[in-house]
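Reader: I have a new model open on my screen and would love a guided walk through it. Could we take it one question at a time?

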Amino acid sequence: MKRVNIGGQAVLEGIMMKGPDSYALAVRKPDKEIDVQVTPYKSLGEKHKPANIPIVRGVINFIESLYIGMSTLMKSSEYFEEEEEEKPKKANSAGDKASLVFTLIVSLAIAIGVFMLLPAFIAKLIFSEETSSILVNLTEGIMRLVIFLLYVALISKMEDIKRTFMYHGAEHKTINCLEAGDDLTVENVRKHTRFHKRCGTSFVFIVMIVSIVVFMFVRTDTMWLRLLSRVLLIPVIAGISYEFIRYAGRHNNACSRVLSQPGLWVQRLTTKEPDDSMIEVAIKSVEAVIDWHEYVRCVREDSFEK
């Protein structure tokens, strides 16, 4: 067995886990049973070598993660729609996929507008033309961080989001348990930390930091060019940020710990301690995408394929 990086996402009353050949959505239904859907999936980076080039692979991974994340989030919500029957409908039709892509584009546009363009617009307005571009861009970056942290803090007060953050904690604890070589039991998972270096929260936070550095090199007094540059450089920033997360997730040294720490601090907002029922869902999701018994054995014996 090869060593793999299992990743996941919390959804409505459930968890998605992505393995080497598929991703699984496990949801605790209203009748308290756990339903698991497995979807075969190979990333572009695994199928095409050019898509695995540093920086490029980060952009591709970002897009793939957004698509899978939105898809599983929409599927999880179907379990709780009053008009739905016992099993959720399959999102396989062209119409369903078109709707998913449209929703993804709209959501991404709103996120770019709020977190990228709004700070750039305000920072440019509050300073005069003579102000140092370094100061303007630094202010923009700080505003971006503040808006992001305020957004996370506010949504964490919502009841449904609180439960989603608990499932987020269950996802991390289960992955940490697996990577530590412990059997996936509720008791073992409970003992592990709810923080993880490869978390999407850490990725978003690093995007904010990297954007400050990148935009320091972009100097323009024209507002529309300033805003356009923020949009056009998003793939570059995402690609660089992915390399940071990838490095931190694969190494345990002083450098990786420094890179990871800010994201781990933010995870105190986006993860909560789960209950046992949530941990059970996370375990079911992992079981659907990987033979964890064999994986744990390889961790203990350090016998992964080289």
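Reader: Which residue in strand 2 is the bridge partner of Gly8?

Author: Happy to start there, and please keep in mind that this is a predicted model. Strand 1 covers residues 7-11 and runs antiparallel to strand 2, with five bridges joining them. Within strand 2, the bridge partner of Gly8 is Met17.

Reader: Which residue in the turn between strand 1 and strand 2 has a positive phi?

Author: The two strands form a hairpin, with two residues between them. In that turn, a positive phi of about 55 degrees belongs to Glu13.

Reader: And on the other side, which residue of strand 3 stands opposite Met16?

Author: Strand 2 is also joined to strand 3 (residues 22-28), again by five bridges and in an antiparallel arrangement. A hairpin makes this connection through three residues. Opposite Met16, in strand 3, you will find Leu25.

Reader: Why is strand 2 described as largely enclosed by the rest of the structure?

Author: Strand 2 spans residues 14-18, which is five residues. A residue counts as buried when its relative accessible area is under 20%. The strand is largely enclosed because the number of its five residues that are buried is four.

Reader: Which helix gives the most residues to the largest nonpolar core?

Author: That core has 29 residues, and those touching the most other members include Ile6, Met17 and Ile290. Strand 2, strand 3 and helix 5 are among the elements that give two or more residues to this core. With six residues, the top contributor is helix 11.

Reader: Which residues does Ile290 touch, not counting those up to four places away in sequence?

Author: Ile290 is one of the core residues that touch the most other members. Once its sequence neighbours up to four places away are set aside, Ile290 touches Met1, Val4, Ile6 and Tyr295.

Reader: How many residues are in the second, separate core?

Author: Val207, Phe215, Ile237 and Tyr242 are among its members. Phe215 also has Arg230 over its ring face, at 4.1 Å from the ring centre. As for the second core, its residue count is 15.

Reader: Turning to the aromatic rings, what is the angle between the planes of Tyr23 and Tyr41?

Author: There are five aromatic pairs in the count, and the one formed by Tyr23 and Tyr41 has its centres 5.9 Å apart. Tyr23 sits in strand 3, while Tyr41 is in the loop between strand 4 and helix 1, 18 residues apart. Planes over 60 degrees apart count as edge-to-face. This pair is edge-to-face, with an angle of 65 degrees.

Reader: I always check cysteines. How far from the sulfur of Cys177 is the nearest cysteine sulfur?

Author: The structure holds zero disulfides. A disulfide would need two sulfur atoms within 2.5 Å. Cys177 is buried, with a relative accessible area of 0%, and the nearest cysteine sulfur is that of Cys298, at a distance of 16 Å.

Reader: Is Pro30 buried or exposed?

Author: Pro30 lies in the loop between strand 3 and strand 4, where it is in contact with Tyr79 and Phe80, leaving aside neighbours within four places in sequence. Its relative accessibility is 53%, and the cut-off for this class is over 50%. Pro30 therefore counts as exposed.

Reader: How far apart in space are Pro30 and Tyr79, C-alpha to C-alpha?

Author: In sequence, Pro30 and Tyr79 are 49 residues apart. In space, their C-alpha to C-alpha distance is 7.7 Å.

Conventions
Residues numbered from 1 in each chain as written. Predicted model: local features only at pLDDT ≥ 70, side-chain atom pairs only at ≥ 80, totals over all residues. Heavy atoms only, no water. Buried < 20%, exposed > 50% of the residue type's maximum accessible area, 1.4 Å probe, protein only. Pairing = 2+ DSSP bridges. Core = buried A, V, L, I, M, F, W, Y, C linked by side-chain atoms within 4.5 Å. Contact = heavy atoms within 4.5 Å. Phe/Tyr/Trp six-rings, centres within 6.5 Å; stacked < 30°, edge-to-face > 60°. Lys NZ or Arg CZ within 6 Å of the ring centre and 35° of its normal.
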